[in-house]
Amino acid sequence: MKYLLLIHQGDSPTPRSPEAWATLTEAEQQAVYADYQAINQTPGVTPGLGLAEPETATTVRVQDGKTLTTDGPFVEAKEAIGGYLLFEADDLDGAIELAARIPAARLGGAIEVRPTVEW
Amino acid sequence: MVDLDRVFRDQWGRVVAAMVGFLGDVDLAEEAAQEAFAIAAERWPRDGTPTHPGAWLVTTARNRAINRVRRDRTLAAKTRLLQAAETWEGDVEPTTFPDERLELIFMCCHPALALDAQVALTLRTLGGLTTGDIARAFLVPEPTMAQRLVRAKRKIQAAGIPFRVPRDHLLPDRLAAVLAVVYLIFNQGYGGRSELAEDAIRLGRALAELMPDEPEAHGLLALMLLLDARRAARFRDGELVLLADQDPALLDAAEIAEGRTALDRALALLGRGPYVLQAAIASLHADEPRDWAQIAGLYGELSRLTGSPVVELNRAIAVAEADGPEAGLRIVERLPLDEYHYLHATRGELLRRSGRTAEAREALLRALGLVHDPAERGVLERRLTELERTAPGA
């Protein structure tokens with residue numbers, strides 16, 4: 001089965017906010033890079049594209065045929081998606097194991113595991 | 001004359017498990033199992049009971065499912081049954097067909113399902129309870145329970161929750177989840193609905209049999225049996241009877257013996273997990289006179305394992321029995337359980353025994369202010385009256 005893993009950064013430090021990133025030791029920072037690299041090289045993983053900060057998002061709705069755009073993500077910036085990847089796994093246990101290896105999951109964020117549907 | 005209800009209770013879980021393994025779909029599995037039991041109810045009284053009732057039921061359920069899928073191609077497309085049906089040949093070896101109940105229980109108690117859904121699914125698929133039975137046991141309207149089961153089954157299918165015993169590195173956590181579900185079912189029953197306690201014990205027996213090397217599985221079975229043995233002693237004229245006041249003659253000796261056998265097995269496997277420890281404590285409570293020092297020691301071990309202040313409170317009670325009320329009070333005074341009525345009730349009792357009547361009265365009143373259950377209120381009120389009577393000067 002193919003799963004979409006949505007990475008919610010939550011409070012987890014990323015290099016995008018240097019202050020938060022600096023709260024990690026150098027070894028922890030290296031581990032984050034190494035873990036993401038290892039995940040992207042795991043068989044079955046299709047890495048997602050990099051995403052710019054949630055603040056750069058534009059949210060689009062159509063009402064009565066009129067396109068409405070608002071500044072910012074659909075959910076609050078703190079809850080916005082920070083990244084994603086696709087994973088072909090035998091079953092949910094395989095997807096959960098991979099999700100648990102994503103650094104954001106242990107640093108204050110969370111991973112949403114969504115099964116995909118083949119049409 | 002075969003007791004069909006008994007066969008149903010004994011075989012339902014195995015037949016459903018075999019069908020889920022075969023069909024990959026819980027709804028279809030339940031339907032096929034139901035059909036097989038209906039055919040058995042019609043034929044067995046007439047033609048005699050087959051030598052291997054379980055294998056007969058599985059074979060019949062399988063054949064029914066295959067016929068149904070052959071008639072219904074859309075159904076076939078939804079399951080992996082079609083290929084299986086083409087390759088399926090002949091009868092199952094009656095004595096060797098695999099028991100897949102473990103796969104089923106790990107699927108039903110998967111942590112990706114909500115706890116109430118885990119409980120309902122386990123009772124439905126392994127316990128053979130109807131949706132109505134489960135709804136009544138958990139005081140939920142039947143449509144709500146039906147909805148809960150439908151949603152859980154849909155998630156199993158859509159999210160790919162595996163029908164499999166978890167791999168070794170996942171097993172300890174997953175087994176703990178399964179045991180917690182069974183114990184939750186037991187406690188729902190222990191409060192009064194005795195059929196649920198029986199269902200839980202039956203599930204516990206199956207787990208101990210299916211995982212003979214897991215001490216905690218034997219520990220849970222032992223604990224449930226030793227607690228269930230007190231069923232008749234726990235209530236007198238509809239009122240709750242405290243452990244210390246229970247009549248030993250009302251204990252179920254057969255259940256205690258079976259519980260102790262399971263406990264011995266767990267201890268022989270070097271089990272020292274939370275269920276094994278609780279079962280060991282329950283076993284000591286069935287002795288007269290009680291070995292309070294050993295009970296206190298086991299509570300200490302359980303407390304270190306769980307970090308639970310409620311366990312510490314129980315340890316304090318045992319320590320008070322072994323070393324006197326002041327020793328118990330020293331533990332009670334440092335517990336962060338100010339909103340917990342048992343803390344104040346226990347404190348009141350230990351203060352009374354130390355002769356500190358005024359403080360005891362205050363503690364009991366504090367407990368009374370926190371408790372809502374009428375039976376528990378009754379117990380506290382009786383103790384307050386007792387206190388006034390025996391110490392009129394207070």
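Biologist: Which way does helix 1 of chain B cross helix 3 of chain B, right-handed or left-handed?

Modeller: Helix 1 of chain B passes helix 3 of chain B in a right-handed crossing. Bear in mind that this is a predicted model.

Biologist: OK. At what angle do the axes cross, and within what distance do they come?

Modeller: The axes cross at roughly 40° and come within 9 Å. Helix 1 covers residues 4–23 and helix 3 covers residues 53–71.

Biologist: Why do you call that pair oblique?

Modeller: The crossing angle is roughly 40°. Angles under 35 degrees would count as roughly parallel and 65 to 115 as roughly perpendicular, so helix 1 and helix 3 of chain B are oblique to each other.

Biologist: Which residues make the contact?

Modeller: On the helix 1 side you have V7(B), Q11(B), R14(B), V15(B), A18(B), M19(B), F22(B) and L23(B). Helix 3 brings P53(B), G54(B), L57(B), V58(B), A61(B), R62(B) and A65(B). By type, the residues of this contact come to 11 nonpolar, two polar and two charged.

Biologist: And helix 2 of chain B, how does that pack on helix 1?

Modeller: Helix 2 runs over residues 26–47, and its axis is 8 Å from that of helix 1, at an angle of about 140°. This crossing is right-handed.

Biologist: Which residues of the two helices meet there?

Modeller: From helix 1, they include F8(B), W12(B), V16(B) and V20(B). Among those they meet in helix 2 are L28(B), E30(B), A33(B) and F37(B). The contact divides into 16 nonpolar residues, no polar ones and one charged.

Biologist: Zooming out, how many helices and strands are in chain B?

Modeller: Chain B has 21 helices and two strands. Its C-alpha trace spans about 85 × 45 × 45 Å along the principal axes, and 40% of its 394 residues are buried.

Biologist: What domains is chain B divided into?

Modeller: Domain 1 is 4–87, domain 2 is 99–161 and domain 3 is 172–284. Taken over C-alpha atoms, the centres of domain 1 and domain 3 of chain B are separated by 33 Å.

Biologist: How much of the contact in chain B is between residues 24 or more positions apart?

Modeller: Such pairs account for 58% of the contacts in chain B with a separation of 6 or more.

Biologist: Switching to single residues: where is R154(B), and is R154(B) buried or exposed?

Modeller: R154(B) lies in helix 9 of chain B, residues 142–159. R154(B) counts as exposed because there are 12 C-beta neighbours inside 10 Å, and exposed takes 12 or fewer. Going from R154(B) to P212(B) is 58 residues in sequence and 32 Å in space, C-alpha to C-alpha.

Biologist: What about backbone oddities, say the peptide bond from E288(B) to P289(B), cis or trans?

Modeller: The bond from E288(B) to P289(B) is cis, with omega near -10°. P289(B) sits in the loop between helix 15 (274–285) and helix 16 (292–306) of chain B. For background, most peptide bonds are trans, and most residues other than glycine have a negative phi.

Biologist: What is phi for L139(B), and where is that residue?

Modeller: L139(B) has a positive phi of about 55° although it is not a glycine. You'll find L139(B) in the loop between helix 8 (131–137) and helix 9 of chain B. L139(B) counts as exposed because it has 8 C-beta neighbours inside 10 Å.

Biologist: And D64(A), what's its phi?

Modeller: Phi of D64(A) is near 50°, a positive value in a residue other than glycine. D64(A) is in the loop between strand 3 (58–63) and strand 4 (66–71) of chain A. With 5 other C-beta atoms within 10 Å, D64(A) is exposed.

Biologist: While we're on chain A, in what order do its elements run?

Modeller: From the N terminus on, they go β-α-α-β-β-β-β-α-α-β, for a total of four helices and six strands. The C-alpha trace of chain A spans about 50 × 40 × 20 Å along its principal axes. Of the 119 residues in chain A, 18% are buried.

Biologist: Last one: how many residues are in contact between chain B and chain A?

Modeller: Eight residues of chain B are in contact with five residues of chain A. The chain B side has seven nonpolar residues, one polar and no charged.

Notes: Residues are numbered from 1 along each chain as its sequence is written. Chains are lettered from A and ligands numbered from 1 in the order in which they are written. This is a predicted model: local features need pLDDT of at least 70, side-chain atom pairs count only at pLDDT 80 or more; totals for chains, interfaces and linings use all residues. Two residues are in contact if their C-beta atoms, placed from the backbone, lie within 7 Å. Ala, Val, Leu, Ile, Met, Phe, Trp, Tyr, Cys and Pro count as nonpolar, Asp, Glu, Lys and Arg as charged, and the others, Gly among them, as polar. A residue is buried if 20 or more other C-beta atoms lie within 10 Å of its own, exposed if 12 or fewer, and partly exposed in between; C-beta atoms are placed from the backbone. Axes are lines fitted to C-alpha atoms, for helices over the stretch in contact, and angles run from 0 to 180 degrees between N-to-C directions. Angles under 35 degrees count as roughly parallel, over 145 as roughly antiparallel, 65 to 115 as roughly perpendicular and the rest as oblique. A crossing is left-handed if the near helix is turned anticlockwise from the far one by less than a right angle, and right-handed if clockwise. Domain bounds come from an automatic or database domain assignment.
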